[in-house]
Amino acid sequence: SERMPDLVVLDLGLPDLDGPEVCRRIRESSKVPIVVLSARTAEADKVMALDLGADDYVTKPFGPEELLARIRVALRRVAEESTSESGRATFGDLTIDYDRRRVIRGADEVRLTPKEFELLTLLARNADRVVTSRAILKALWGAHAVDQPEHLWVLIGQLRKKIEPDPGQPRLVVSEPWVGYRLVTVASH
């Protein structure tokens, strides 16, 4: 049938398939969540697929729980997007007030610079999904900045100092090596 599935799990390692191209084609006509599977060494493919619209990735070898957790996150996101977005989001003891551009941790307001707030907002609106460094650089500084990752490293460091209980062991804004960053709301196993 021609009906779109509720979710696509796409293996980037299939020999007769150009995974990133499949992502691009699906995205042309559908917002269906796409979770890609890839080998640990295939960073470039993961990044390309994510930049073309995949929602998340799982690295081989992986356990079924990890894949199911990523699928649940992707499906929950679709459900949340269909309801209207309120002006606030809460992650543990951190509350982001989009309308007033304020961030509260526990009882205290956290003073963020405009760029720090933009970064946090971008990660929060994609909570539990990895956002590629390239996508963040482009969103915050424009297309010319995609080759200047040091801007992002500095900003991530500043943001972690302000919102992480222990910036040296980040639990909220986590790095996905060679790929990007993820704002974690579900405790990983």
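These are my notebook entries on the strands, sheets and helices that I looked up in this structure, which is a predicted model.

**Entry 1: strands E1 and E2**

I began with the strand pair at the start of the chain. Strand E1, residues 8-11, pairs with strand E2 in the parallel sense, and the two are joined over four bridges. I looked up one of these partners: Asp-11 has Leu-37 in E2 as its bridge partner. I then asked how many residues of strand E2 are buried. Five of the six residues in E2, residues 34-39, are buried, so this strand is largely enclosed by the rest of the structure.

**Entry 2: Glu-21**

I next looked up a single residue, Glu-21, and found its place in helix H1, residues 19-29. Its relative accessibility is 23%, and buried means under 20% while exposed means over 50%. Glu-21 therefore counts as partly exposed. I also looked up its separation from Met-48, which lies 27 residues away along the chain. The C-alpha atoms of Glu-21 and Met-48 are 9.4 Å apart.

**Entry 3: the sheet of E4, E5, E6 and E7**

I turned to the sheet of four strands. It is open, its order is E4-E5-E6-E7, and its pairing is antiparallel. Which strands stand at the edges? They are E4 (88-91) and E7 (108-110), and each of them pairs on one side only. From one strand to the next, the twist averages 25°.

Within this sheet I followed the pair E4 and E5. E5 covers residues 94-97 and runs antiparallel to E4, with four bridges between the two. Arg-88 stands opposite Asp-97 in E5. I noted that helix H4 packs on the sheet, where it touches E4, E5 and E6 (102-105). The direction of H4 makes about 105° with that of E5.

**Entry 4: the sheet of E8, E10 and E9**

I then examined the sheet of three strands. This sheet is also open, with the order E8-E10-E9 and antiparallel pairing. E8 and E9 each have a single partner strand, so one side of each is left without a neighbour in the sheet. Neighbouring strands here are turned by 30° against each other on average, direction ignored.

I looked up both pairings. E8 (residues 130-132) and E10 (residues 180-183) run antiparallel and are joined by three bridges. In this pairing, Val-131 stands opposite Tyr-181. E9 (residues 173-176) also runs antiparallel to E10, with four bridges. Here Val-174 has Arg-182 in E10 as its bridge partner. E9 and E10 form a hairpin with three residues between the strands, and there I found that Trp-178 takes a positive phi near 70°.

I also recorded the helix that lies against these strands. H5 lies across E8 and E10, and it runs at about 65° to E8.

**Entry 5: helices H4 and H5**

My next entry concerns helix packing. Two packed helices are described by the angle between their axes and the distance between the axes. For H4 (residues 114-125) and H5 (residues 133-141), the angle is about 135° and the axes are 10 Å apart. H4 and H5 are therefore oblique to each other. Their crossing is right-handed.

Which residues meet at this contact? From H4 they are Lys-115, Glu-118, Leu-119, Leu-122 and Leu-123, and from H5 they are Ile-136, Ala-139, Leu-140 and Trp-141. By class, the contact of H4 with H5 has seven nonpolar residues, no polar ones and two charged ones.

**Entry 6: helices H5 and H6**

I closed with the contact of H5 with H6, which covers residues 149-163. H5 and H6 pack at an angle of about 85°, with 10 Å between their axes. That angle makes H5 roughly perpendicular to H6.

On the H5 side, the contact is made by Ser-133, Ile-136, Leu-137, Leu-140 and Trp-141. On the H6 side, I found Pro-149, His-151, Leu-152 and Leu-155. By class, the contact of H5 with H6 has seven nonpolar, two polar and no charged residues. I noted that Ile-136, Leu-140 and Trp-141 of H5 appear in the contact with H4 and also in the contact with H6.

Terms used
Residues are numbered from 1 along each chain as its sequence is written. This is a predicted model: local features need pLDDT of at least 70, side-chain atom pairs count only at pLDDT 80 or more; totals for chains, interfaces and linings use all residues. Side-chain values use heavy atoms; hydrogens and water are left out. Two strands pair if DSSP finds at least two bridges between them. Axes are lines fitted to C-alpha atoms, for helices over the stretch in contact, and angles run from 0 to 180 degrees between N-to-C directions. Angles under 35 degrees count as roughly parallel, over 145 as roughly antiparallel, 65 to 115 as roughly perpendicular and the rest as oblique. A crossing is left-handed if the near helix is turned anticlockwise from the far one by less than a right angle, and right-handed if clockwise. Contact means heavy atoms within 4.5 Å. Ala, Val, Leu, Ile, Met, Phe, Trp, Tyr, Cys and Pro count as nonpolar, Asp, Glu, Lys and Arg as charged, and the others, Gly among them, as polar. Buried means under 20% relative accessible area, exposed over 50%, partly exposed in between (1.4 Å probe, protein chains only).
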